[in-house]
Each structure stands twice: as structure tokens, then as C-alpha cells.
Amino acid sequence: MSATATSTPPPAAAPKVSGGKAGRTRLSFPVILLIIAGALLALSAVRLITGAQDVTSSGQISAMIAMAVPIGLAGLGGLWAERAGVVNIGLEGMMILGTFFGAWAGWQTDPWIGVLAGIAGGMFGGLLHAVATVTFGVDHIISGIAINILALGFTTYFAKLWFNSGEAALKGGSPKQSPPSEEIASITLPGLSSWLRSIEKHEWFFVSDVAGVLGGLVTNLSLLTIVAALLFVMTFLVLWKTSFGLRLRSCGENPVAAESLGVNVYKYKYIAVIVSGGMAGLGGAFLSLVTASIYNEGQTGGRGYIGLAAMIFGNWRPGGLAMGAGLFGYADALQLRSGGESVHALLLLLVVVLLGLAAWKFYRKSMVQAVVSAVIGVGVLAWFLSTDTVPTEFVSATPYVVTLLVLSLSAQRLRMPKADGMRYRKGQGK
């Protein structure tokens, strides 16, 4: 890896860290609730029209949560790093380290020790990224890609060395997977869960859908999922409600101005990137200790990149990130549950979104975009009307298709930290 000369933002009188209100709408809690309610209404209508009952079932929601947590944790890691001005494309590699070390420690000791080991593995990857980008000024993308490659090579080599012999081999280990570990405990609210399930079975419009969603939230909920939810709250409180968070975000907005005000920019960038790695490592440990209870080669499946996409969709804020992770987790759960019928039903919802977008673009006089959206919407409608299901291959590609669609539709409202990815050298603010 070699250092690259990247431009540094000019000095300013003071760092702007409020995020700026011009041209952007913040996703406050009431707004998020309204968006969720609107999405649920749309899904309920799709279920009623198409008869695809699984789109809002408690099983689908439970699977969505299990898939959304590692994506959300990876995105949370990206948020910490990029709010401090460091692009972390190495989230995938840090997740890989988390899956490996989490499973390695989990099957030998206790799954919660495995969780700590997964966090430590991800933090090690974050430390490498911080040394390369902050201390040596290596291009952030190059460093992140290098970490992804190194993590994959490291885990492949040591899986063959540690899981393919001795006690590990006797307990089910192989060159590509670890022995199984004990499961992390999950909780179910018995009375409430069964009551919601009974309402869900009536298939009432919206009411049964709400019951399905709530039932998925209170049935077989892993304790690690609750930890992940608390980390989202903690991230918001630390980064937006404390002086520490203000200083850290100033490093991502204008590090030169921050240094001129006495902020130790290197220290805050190091802290942010190491925490970023720990979050991604925790997401990886979730995959190997909760989702599967074993480490498998290729287990992350690009979720580090999808987490980065969820962070961008969320406009570098925890609330929007949580919504993005939920959306991508929902798409991921569709392939997990072989949801050909459900994906086919959701094509109808996609038609409505595309035609609505076309009408909006036409109103805004963006004729080319309006025509393209309308043509694609009509094409998807023709596909929906001429088929009863979608191929298995398309179901498997659903998370990645959703990622592309969401990023393309939300790109115009995004506002990244101003100094994100820019090279900074100590002393420029003096």
C-alpha cells in the first residue's frame, strides 16, 4: 500500500457539525414511525390483493430481525468511522474476523466469550485501518480493500489449521467451518406471543399485519439482538448528545478547524475507527453465534458492503440506518425463506413506487427520469401480471437488487460528512 495525495478541506473559523438543515429533512422519531406505518399499510394492501400471507407474517419478521442485526451493526461501524472522516470499506473484512474469532472462542468456552472475541477481532481490523489511513495517510479505499483481502486469507488459512484437526475435527470442524457452539439465549413473551399469533391467523387487513410484526418482535428474540438495539441508542446519545461526540464529528466535518480549537484529531479518528471495527466484528459474531452457531467460509456474504449501503441510505444517522438495515434484512429474509411468492407479490409494490416516482419527476419537469421510471414500472407490471412467482435465482439476488434500488432512489437527499475520506496530516490547523 502506498500513500496518496488527497486534498484537505480549507481552514474555517469553526467546525460545522450540526449536519446542516438546508435541503434535508431529518428523520425524527415521529417521522420514522409514520414511514413504518405507511410501509406496513402498503404491505398489508399487497398481502390482501395477492394473497401472499408471508409478507407480514411473524416468521418473516423474525427472520428479518435476524438478518438485519449484522447488517445494522456493520452500518453502525461505518457510521462511527465516517463521522470522524474515515471511509471504512473494510467493514466486510472486519465482519469476517468477527465471525471467525467469535466461533473459535465460542465453541471452546462460552458463546458470550465468543462475542467478546468477535468484537476484539473486528477491533484489530479497525486498528490496522486506522494505522494505515490516519497515521500513514494511505488512501481509505485501498486500505479497506486490503483489509478485506487480508481478513479472508487469514481466516481461510487458520480455519484449515485450527478447525481441521484434533478436538475441533472430532466435534464437526472442517477446513471451511468450525465446530458448533452453544446457542445464545433468546426470549419469548409467552402470553403476548400466542395472543398476537391468534390475531395474525385471522388475516384481517392491517390489524393482522400489525400483530404479525409485533409477534416477530416478541418471539425467539436473541439477547444479542437486544444488545444491538441498545448500541444504536448509545451511538445516538454519544455522538449527538455529548461533547465527545461533537469533537468526533468535527473531525469528519473540518479536521483543520477542529485542530485549531484544540481537538486531538488523530486520537478521535483512532477511537472512531477502532469502535467501527468492533461494531462490525460484533455483527460477524452474531452471524456465527446466533444465526448459524458455527463459522462458515464466506458466511458474511457481502453484508459488510450492504451495511455500508444502509448507512448511506440512512444519511449517516442511526435512525435512518436502522430503517435501511431493516429493509435490507427484510429482503435478505425473503431468500432465506424461499419467498418466491412473496417477492412476486412485492413486484406490485415496486410498480406503485416506480409509477409514483415517475409522476413526481414529471411534476418536477425531470422528463428523462420520469420516462425511465414509467417504462421500468410498466415492464415490472407486465412481469407481475404474466407470472405467478419469480425464479429462485431472482429471490437470491433480492437483497442486492434492493440495495441498488434504494441507493439510486435516495441518492439526491444524501449529505456525507464534508471531510469524509480526505487525507489529514497533523499540524495543519496550527
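Which residues does Leu248 touch, not counting residues up to four places away in sequence? In this predicted model, the contacts are Trp80, Arg83, Ala84, Leu239, Tyr268 and Ala272. Leu248 also belongs to the largest nonpolar core. That core has 82 residues. Leu248, Leu321, Phe328 and Tyr330 have the most contacts inside it. Helix α2, spanning residues 58–83, supplies the largest share of this core, with 13 residues. Another core lies apart from it and has 14 residues. Ile96, Phe101, Phe163 and Tyr295 are among them. In soluble globular proteins, nonpolar side chains tend to be buried together.

Charged side chains were examined next. Side chains of opposite charge can pair when their charged atoms come close. A search of the whole structure finds 6 salt bridges. One of them joins Arg47 to Asp209, with the closest N and O atoms 2.7 Å apart. This pair links distant parts of the chain. Arg47 sits in helix α1 (residues 29–50), and Asp209 sits in helix α8 (residues 207–217). The two are 162 residues apart. Both Arg47 and Asp209 are buried.

A salt bridge also forms between the side chains of Arg415 and Glu253, at 2.8 Å from N to O. Here too, distant parts of the chain are linked. Arg415 lies in the segment after α17 (392–410), while Glu253 belongs to helix α10 (residues 243–253). They are 162 residues apart. Glu253 has a relative accessible area of 3%, so this residue counts as buried. The pair is part of a wider arrangement: Arg83, Glu253 and Arg415 are linked in a network of salt bridges. Arg83 is also one of the residues that Leu248 touches.

A further salt bridge brings together the side chains of Asp332 and Arg303, at 3.1 Å from N to O. Asp332 is in helix α14 (residues 318–336). Arg303 is in helix α13 (residues 303–313). This pair links distant parts of the chain, with the two positions 29 residues apart in numbering. Are Asp332 and Arg303 buried or exposed? A residue is buried when its relative accessible area is under 20%. Asp332 is buried because its relative accessible area is 3%. Arg303 has 13% relative accessibility, and therefore counts as buried as well.

Definitions and conventions:
Residues are numbered from 1 along each chain as its sequence is written. This is a predicted model: local features need pLDDT of at least 70, side-chain atom pairs count only at pLDDT 80 or more; totals for chains, interfaces and linings use all residues. Side-chain values use heavy atoms; hydrogens and water are left out. A salt bridge is a side-chain nitrogen of Lys or Arg within 4 Å of a carboxyl oxygen of Asp or Glu. Helices (H or I, at least four residues) and strands (E, at least two) are DSSP runs, numbered from the N terminus. Buried means under 20% relative accessible area, exposed over 50%, partly exposed in between (1.4 Å probe, protein chains only). A nonpolar core is a set of buried Ala, Val, Leu, Ile, Met, Phe, Trp, Tyr and Cys residues joined through side-chain atoms within 4.5 Å. Contact means heavy atoms within 4.5 Å.
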